[in-house]
Amino acid sequence: MENHKKHYIAIIGGSISGSVAANLLANSGFRIVVFEMNALPYGKIEDGLPKWHIKLRNRQIKEIDNKLDHENIRYVPLVKIGRDLEFNDLLNNWGFSAIILANGAWQDREFPVPGIEKFRDRGLIYQNDFIFWFNHHHEADYQGKQYEIKDNAIIVGGGLASLDVVKICMIELVRDKLKEIYNIDEDMFKLEKYGIDKVLESHKVPYKKLNISGVNLVYRKNAEDMPLKSSKDESKASRDKARMVSAKLLNNYKEKYKFNFKPLRVPIDFIEEDDKLKGLVLQKVMVYNERIVPLENETEELRTDLIVSSIGSLPEQINGLQYEFSALKMKKHVDYHVYGYDNVFAVGNAVTGRGNIQESKQHGQKITRRIIDEHLTDDALESWIKKINNSLKETVSQNVESIIEEIRSKDIQPDKIIQSILEKTKDLNDKNGYTTYSQWVQRHLPVRLEEIPKNPKE
Ligand SMILES: Cc1cc2nc3c(=O)[nH]c(=O)nc-3n(C[C@H](O)[C@H](O)[C@H](O)COP(=O)(O)OP(=O)(O)OC[C@H]3O[C@@H](n4cnc5c(N)ncnc54)[C@H](O)[C@@H]3O)c2cc1C
């Protein structure tokens with residue numbers, strides 16, 4: 001254990017998977033630096049889950065805090081690897097024994113219609129930006145992008161996240177109309193929890209009086225193909241059951257939030273008028289043997305003033321790492337050991353590009369245990385440290401010569417390297433006025449909205 005304590009590991013990203021990895025390593029005697037691009041380490045919990053998930057969010061945030069507020073973990077916020085600090089610098093010049101990527105998937109998959117990108121934030125919005133706006137625009141000091149939801153909006157997607165986008169649109173449209181026509185200030189949490197009809201009933205307002213046509217969810221397959229419920233196993237019976245549940249879930253959502261569902265359509269072009277985005281051209285398709293087959297000469301124009309793309313997120317690429325089919329390139333047959341390096345690993349959404357909280361936690365646990373057992377053994381560390389000695393020798397200036405001498409003589413991560421990691425992280429944290437983890441978090445927690453009312457009439 002004492003020997004392990006000599007070794008510092010860097011973790012990129014402090015949210016679900018990063019905090020699990022950091023805590024497990026810290027409890028095993030390693031010392032950790034967590035680099036986090038935001039002030040708070042809550043990742044998709046803060047900026048991905050829509051803000052009505054109050055209990056889930058608060059529970060997860062508490063867990064992350066409990067994991068990161070640890071004597072063996074040094075938290076370094078507001079440092080984005082690849083922007084504020086180069087990955088190669090971290091790898092070659094800092095002296096970490098290993099680096100674990102837990103940076104999630106923050107790059108929206110590009111909307112697959114050539115030329116439409118010029119309308120980004122002028123009619124075309126991506127899911128990550130959209131949810132960030134929804135979660136934070138009530139804050140007095142919010143300075144991010146501003147969006148306006150349109151009744152005829154098209155949401156392209158098909159996963160659970162796209163249903164969140166659809167829900168946000170419908171809830172906000174109903175709130176706007178209730179205010180505009182009846183001067184009623186309705187609560188967002190209530191509409192989410194009880195559904196549109198129940199809340200309108202409590203005001204004795206029929207839905208049709210609001211004159212809302214409803215947003216359109218465009219999906220390339222059928223309701224039962226949506227990945228809303230995972231199959232228990234690979235058997236046909238389980239898969240059929242999951243498909244049935246997915247279709248049922250979608251139907252419940254449709255009834256509760258009153259949006260339109262347009263299955264079996266794939267966007268192939270956009271409609272532009274006077275330099276404004278005015279709609280999408282959709283190719284009608286069929287699903288044959290799980291494959292999407294276009295139907296000849298069957299297209300449809302769907303006019304709109306707003307398209308929200310919710311077709312998935314990918315890991316944001318970091319200079320110095322290799323990517324394959326938009327995913328982090330891994331060593332053959334191992335889904336956590338990053339290609340090209342002995343001591344770089346990845347956990348959570350950064351590997352899978354998708355998944356849920358539970359999956360990210362389990363992946364973080366399982367992989368970190370393997371990293372400890374198979375890659376952070378004393379032998380592995382020694383041979384890696386010998387390697388870094390050579391690279392240090394080539395890349396750092398004269399005053400580190402003495403450190404290299406020390407490594408040569410002892411064959412371990414020397415105190416001077418540890419001291420240098422401590423100093424560098426302290427410099428970064430001093431710049432931001434960081435004191436302790438709990439004080440920092442308290443200082444940066446955003447304003448939260450009020451709790452959910454107990455019934456729709458409240
Ligand atoms: C709209 C939506 C709704 C969802 N709803 C649910 C739900 O109801 N239930 C559920 O279980 N799951 C849900 N999920 C999924 C769940 O939120 C994620 O799977 C999980 O939180 C991912 O955890 P992670 O640690 O792998 O990644 P992230 O939460 O993305 O964490 C990555 C961390 O790395 C940081 N980071 C990224 N790049 C860098 C960098 N270069 N340098 C430094 N730091 C960096 C980020 O700021 C972040 O803190 C939802 C996701 C979305 C998008």
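The exercises below, each followed by a worked solution, concern a predicted model of a single chain.

**Exercise 1. The chain as a whole**

State how many helices and strands the chain has, and what share of its residues count as buried.

Solution. The secondary structure comprises 16 helices and 17 strands. Of the 458 residues of the chain, 50% count as buried. Turning to the contacts between residues at least 6 apart in sequence, one finds that 69% join residues at least 24 apart. The chain exposes about 22900 Å², of which carbon and sulfur atoms supply 47%.

**Exercise 2. Helix α10**

Work out whether the length of α10 agrees with 1.5 Å a residue, and then establish where its buried residues lie around the axis.

Solution. Begin with the length: helix α10 covers residues 236-257, and because its 22 residues at 1.5 Å each should span 32 Å, the 31 Å between its end C-alpha atoms agrees with expectation. Next, list the buried residues of α10, which are S238, A242, S246, L250, Y253 and Y257. They cover an arc of only 115 degrees around the axis, which puts them on the same side of α10. The spacing fits a general rule: an α-helix has 3.6 residues a turn, so residues three or four places apart point the same way. The face of α10 turned away from this buried side carries the exposed residues K236, A237, K241, M244, K248 and E255. Finally, the cover over the buried residues of α10 includes α7, α8, α9, β8 and β9, while K258, with a positive phi near 60 degrees, follows the helix.

**Exercise 3. Strand β7 and its partners**

Determine which way the residues of β7 point, and which residue of β13 stands opposite I155.

Solution. In β7, residues 154-157, I154 and V156 point one way whereas I155 and G157 point the other way, and all are buried. In general, the side chains of a regular strand alternate between the two faces of the sheet. On pairing, β7 runs parallel to β13 (residues 307-310), joined by 4 bridges, and I155 stands opposite V308 in β13. Strand β7 is also parallel to β8, with 3 bridges, and here I154 stands opposite N216.

**Exercise 4. Helix α15**

Identify the buried residues of α15 and the exposed residues on its other side.

Solution. In α15, the buried residues are I417, I418, I421, T425, L428 and N429. Seen down the axis of α15, these fall within an arc of 105 degrees, so they line one face of the helix. On the other side of α15, D427 and K431 are exposed. After α15 comes G433, whose phi is positive, near 70 degrees.

Notes. Residues numbered from 1 in each chain as written. Predicted model: local features only at pLDDT ≥ 70, side-chain atom pairs only at ≥ 80, totals over all residues. Heavy atoms only, no water. Helix = DSSP H or I, 4+ residues; strand = E, 2+ residues; numbered from the N terminus. Buried < 20%, exposed > 50% of the residue type's maximum accessible area, 1.4 Å probe, protein only. Contact = heavy atoms within 4.5 Å. Areas by Shrake-Rupley, 256 points an atom, 1.4 Å probe, with all protein chains shown as cover. Expected span 1.5 Å × (residues − 1). Arc of directions from axis to C-beta. Pairing = 2+ DSSP bridges.
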